[in-house]
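Colleague: I want to know what stands behind the words used for this model. May I ask you about them one by one?

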Amino acid sequence: PLEAYYHEQLDNRLQQLASYDGANAVRTDLEQLDAVFQELTKELAAAPKGSEEQIIQAMIRNYQTRLEILERVLDKVEPQNEKTDTDEVSI
């Protein structure tokens with residue numbers, strides 16, 4: 001459910017980013033976050049009953065961080081829609 005949502009969002013952003021030059025610029029950051037997520041997954045599997053909540057919250061923050069990185073990069077590379085400073089009128 002929540003994991004599927006984040007996977008879908010990440011996949012969408014990665015597909016968008018793939019159409020731009022420099023898409024590999026964030027790959028290292030995302031790989032590091034993925035490695036952290038894999039460690040959290042292992043910790044969750046070994047966590048004693050009742051102590052999973054903190055690890056789950058860290059996993060959610062990891063997903064959110066990945067999405068934020070992709071959003072920032074997309075904001076930089078996507079053409080600005082109707083955002084120009086040339087609309088000002090000089091008198």
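What follows is a talk about the terms and the values behind them.

Modeller: Go ahead. Keep in mind that this is a predicted model.

Colleague: What makes up the secondary structure of the protein chain?

Modeller: The protein chain has 3 helices and 0 strands. Along the sequence the pattern reads α-α-α.

Colleague: Why is Asn62 called buried?

Modeller: Buried means under 20% relative accessible area. Asn62 has 5%, so Asn62 is buried. Its place is in helix α3.

Colleague: What does Asn62 touch?

Modeller: Leave out residues up to four places away in sequence. Then Asn62 touches Leu33, Val36 and Phe37.

Colleague: How do you know that the side chains of Asn62 and Arg66 make a polar contact?

Modeller: The distance is 2.9 Å. A polar contact needs a pair of N or O atoms within 3.5 Å, one able to donate a hydrogen and the other to accept it. The pair is listed as a polar contact at 2.9 Å, and that distance is within the limit. There is also a backbone atom to look at. The backbone oxygen of Leu33 lies 3.0 Å from a polar atom of the Asn62 side chain.

Colleague: Is Gln9 buried or exposed, and why?

Modeller: Gln9 is at 15% relative accessibility. The cut-off for buried is under 20%, so Gln9 counts as buried. Gln9 sits in helix α1, residues 2-18.

Colleague: Which side chain makes a polar contact with the side chain of Gln9?

Modeller: That of Arg13, at 2.8 Å. This value is within the 3.5 Å limit.

Colleague: What makes Leu67 buried?

Modeller: Its relative accessible area is 12%. That is under 20%, so the word buried applies to Leu67. Leu67 lies in helix α3.

Colleague: Which residues is Leu67 in contact with, leaving aside its neighbours within four places in sequence?

Modeller: Tyr6, Gln9, Leu10 and Arg13. Contact here means heavy atoms within 4.5 Å. Leu67 and Leu14 are 53 residues apart in sequence, with 9.5 Å between their C-alpha atoms.

Colleague: Why is Val77 called partly exposed?

Modeller: Partly exposed lies between the two cut-offs, 20% and 50%. Val77 has 30%, so Val77 is partly exposed. Val77 belongs to helix α3. Leaving aside neighbours within four places in sequence, Val77 is in contact with Leu17 and Tyr20. The C-alpha atoms of Val77 and Leu17 are separated by 8.3 Å, and the two residues are 60 residues apart along the chain.

Colleague: What is Glu43 called, and why?

Modeller: Glu43 is at 44% relative accessibility. Exposed needs over 50% and buried needs under 20%, so Glu43 counts as partly exposed. Glu43 is in helix α2. Ile56 is 13 residues away along the chain, and the C-alpha atoms of Glu43 and Ile56 are separated by 9.9 Å.

Colleague: How much of the protein chain counts as buried?

Modeller: 26% of its 91 residues.

Colleague: What makes up the largest nonpolar core?

Modeller: The largest nonpolar core has 19 residues, and Leu17, Val26 and Leu70 have the most contacts inside it. Helices α1, α2 and α3 each supply at least two residues of this core. Helix α3 gives the most, with 10 residues.

Colleague: Which residues does Leu70 touch, not counting residues up to four places away in sequence?

Modeller: Leu10, Arg13, Leu14, Leu17, Val26 and Leu30.

Colleague: Which residues line the largest pocket?

Modeller: Leu70 appears again here. The full lining is His7, Leu10, Asp11, Leu14, Arg27, Leu30, Glu31, Asp34, Arg66 and Leu70. Helices α1, α2 (27-46) and α3 (52-77) each supply at least two of the lining residues. The volume of the pocket is about 200 Å³.

Colleague: What classes of residue are in that lining?

Modeller: There are 4 nonpolar, 1 polar and 5 charged residues. His7 is in the lining. Histidine is not on the nonpolar or charged list, so His7 falls in the polar class.

Colleague: How many of the contacts with a separation of 6 or more join residues 24 or more positions apart?

Modeller: In the protein chain, 75% of them.

Technical notes: Residues are numbered from 1 along each chain as its sequence is written. This is a predicted model: local features need pLDDT of at least 70, side-chain atom pairs count only at pLDDT 80 or more; totals for chains, interfaces and linings use all residues. Side-chain values use heavy atoms; hydrogens and water are left out. Helices (H or I, at least four residues) and strands (E, at least two) are DSSP runs, numbered from the N terminus. Buried means under 20% relative accessible area, exposed over 50%, partly exposed in between (1.4 Å probe, protein chains only). On a 1 Å grid over the protein atoms alone, a cavity is a set of points where a 1.4 Å probe fits but cannot get out, and a pocket is an open set with protein on both sides within 12 Å along at least five of seven lines; lining residues have an atom within 4 Å of a point. Grid points are joined across faces, edges and corners, and a volume is the space filled by probe spheres set on the points. A nonpolar core is a set of buried Ala, Val, Leu, Ile, Met, Phe, Trp, Tyr and Cys residues joined through side-chain atoms within 4.5 Å.
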